[in-house]
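Here are a few short exercises to work through with the model open beside you. Try each task before reading its solution.

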Amino acid sequence: MENKSLIAEIENKYESLGENPETYFKGLFHSKPLSYWDYIEVETLNSLQKPRTTFKDEEIFIMYHQVTELYFKMIIHELKQLIYEDLPEKTIINKVNRLIKYTEALINSFDIMKYGMDYDDYNLFRSSLTPASGFQSAQFRIIELYCTRIENLLSDKTKSPSGESMEELFDQLYWKQAGLKKGSQEKSQTLLLFEEKYQDELISLAEKVQGMTLEEKLIRLSNPSEELIRALQHFDFLYNFKWPNVHLETAEHYLNSRGENQAATGGSEWKKYLNPRTQQRRFFPSLWLEQSIEDWQKE
Ligand code: HEM
């Protein structure tokens with residue numbers, strides 16, 4: 001577009017909004033040049049690490065969690081488009097491939113947690129974090145709700161819900177089990193605080209996306225391509241097996257590598273709960289034929 005017609009287009013834009021274009025041109029004339037630090041908010045980002053102890057590695061722990069939450073946000077950003085927009089299959093595949101890239105980045109960087117902190121320091125500073133736990137990551141739960149039907153997230157995977165309200169179903173979610181005190185039905189502080197802050201928001205999201213989750217979108221496609229099916233399977237495998245597995249290995253490293261079998265800050269029966277072989281979470285169960293489920297378990 002030539003300069004003159006560009007200016008005319010901009011004038012048209014503001015005139016059609018009932019605005020005076022001259023005022024906008026004046027604003028542009030006086031505005032400061034954009035800087036990297038303002039645009040990326042580097043200073044804000046760097047002000048967000050607030051360790052609770054004097055152990056140096058606590059800051060690594062905080063930053064790596066923050067990096068993960070940003071990746072979760074990227075995943076959610078793609079999922080919202082996948083769910084709410086009517087996209088052609090090629091774009092759907094591109095977006096699922098992005099989900100794969102983000103998840104791979106998280107899997108490949110998890111060693112920063114496993115080897116990037118001093119074992120003894122971690123085991124000292126973590127006690128000051130109780131009852132906080134990654135278990136309370138709302139974005140982790142939001143990703144699940146966008147990806148799959150609520151019945152795939154129940155602790156009893158064979159159950160097909162009928163006539164139960166979303167509140168009732170929420171009590172049966174697989175992760176609620178991890179929030180009960182050992183050997184009792186009493187909820188832990190970790191779970192109670194999480195529910196107080198996020199339960200209502202999560203229930204409304206679950207209600208809103210009913211019938212529209214990524215899994216249901218896939219089911220509705222009359223003839224999904226092999227490429228899309230493979231991409232979704234791969235994402236499912238990475239998100240629900242590989243990531244939980246590197247996370248479990250890290251928990252093993254800090255909590256059990258010296259045979260000390262320590263309790264986690266969230267107080268769950270973590271060895272069983274975090275293990276993808278026992279947890280067997282799946283976003284797209286219809287894509288996993290009997291054979292591949294067995295392979296998944298052997299992995
Ligand atoms: C030294 C590093 C870590 C250890 C030892 C660890 C340990 C644990 C344990 C034991 C649990 C079970 C709940 C509990 O009892 O607290 C848990 C849950 C969880 N953690 Fe971590 N974690 C670590 C790092 C991370 C990081 C970096 C993230 C990224 C956000 C994260 C996200 C989660 C999530 C999402 C859950 C819930 C998992 C689920 O419901 O399947 N964790 N973690």
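Before we start, one cut-off: a residue is buried under 20% relative accessible area, exposed over 50%, and partly exposed in between. Please keep in mind that this is a predicted model.

**Exercise 1. Getting an overview**

Task: Find how many helices and strands the protein has.

Solution: Counting along the chain gives 17 helices and zero strands. For the overall dimensions, the C-alpha trace spans about 75 × 55 × 35 Å along its principal axes. Finally, 41% of the 299 residues count as buried.

**Exercise 2. A nonpolar patch**

Task: Work out which helix gives the most to the nonpolar patch, and decide whether Leu-45 is buried, partly exposed or exposed.

Solution: Begin with the members of the patch: Leu-34, Tyr-36, Trp-37, Tyr-39, Ile-40, Leu-45, Leu-48 and Leu-70 together make a nonpolar surface of about 920 Å². Next, look for the main contributor, which is helix α3 (residues 36-40) with four residues. Now turn to Leu-45, which sits in helix α4 (residues 42-46). Its relative accessibility is 39%, so Leu-45 counts as partly exposed.

**Exercise 3. Two packed helices**

Task: Describe how helix α6 and helix α14 pack, starting from the angle and the axes.

Solution: Locate α6 at residues 89-109 and α14 at residues 226-256. Their axes lie 9 Å apart and meet at an angle of about 20°. That angle makes α6 roughly parallel to α14, because angles under 35 degrees fall in that class. As for handedness, the crossing of α6 and α14 is left-handed.

**Exercise 4. Unusual backbone geometry**

Task: Find where the cis peptide bond is, and compare the surroundings of Glu-41 and Gln-280.

Solution: First, the background: most peptide bonds are trans, and most residues other than glycine have a negative phi. The bond from Thr-130 to Pro-131 is cis, with omega near 0°. Pro-131 belongs to the loop between α8 (119-125) and α9 (138-147).

Next comes phi. Glu-41 is not a glycine, yet its phi is positive, about 60°. This residue lies in the loop between α3 and α4, and Glu-41 is partly exposed, with a relative accessible area of 43%.

Gln-280 also has a positive phi, near 50°, and is found in the loop between α16 (276-279) and α17 (290-298). At 19% relative accessibility, Gln-280 counts as buried, because the cut-off for that class is under 20%.

Key: Residues numbered from 1 in each chain as written. Predicted model: local features only at pLDDT ≥ 70, side-chain atom pairs only at ≥ 80, totals over all residues. Heavy atoms only, no water. Patch = residues over 30% accessible without salt bridge, like charges linked within 9 Å, V, L, I, M, F, W, Y side chains within 5 Å. Areas by Shrake-Rupley, 256 points an atom, 1.4 Å probe, with all protein chains shown as cover. Salt bridge = Lys/Arg side-chain N within 4 Å of Asp/Glu carboxyl O. Buried < 20%, exposed > 50% of the residue type's maximum accessible area, 1.4 Å probe, protein only. Axes fitted to C-alpha atoms, helices over the stretch in contact; angles between N-to-C directions. Parallel < 35°, antiparallel > 145°, perpendicular 65-115°, else oblique. Left-handed = near helix turned anticlockwise from the far one by under 90°.
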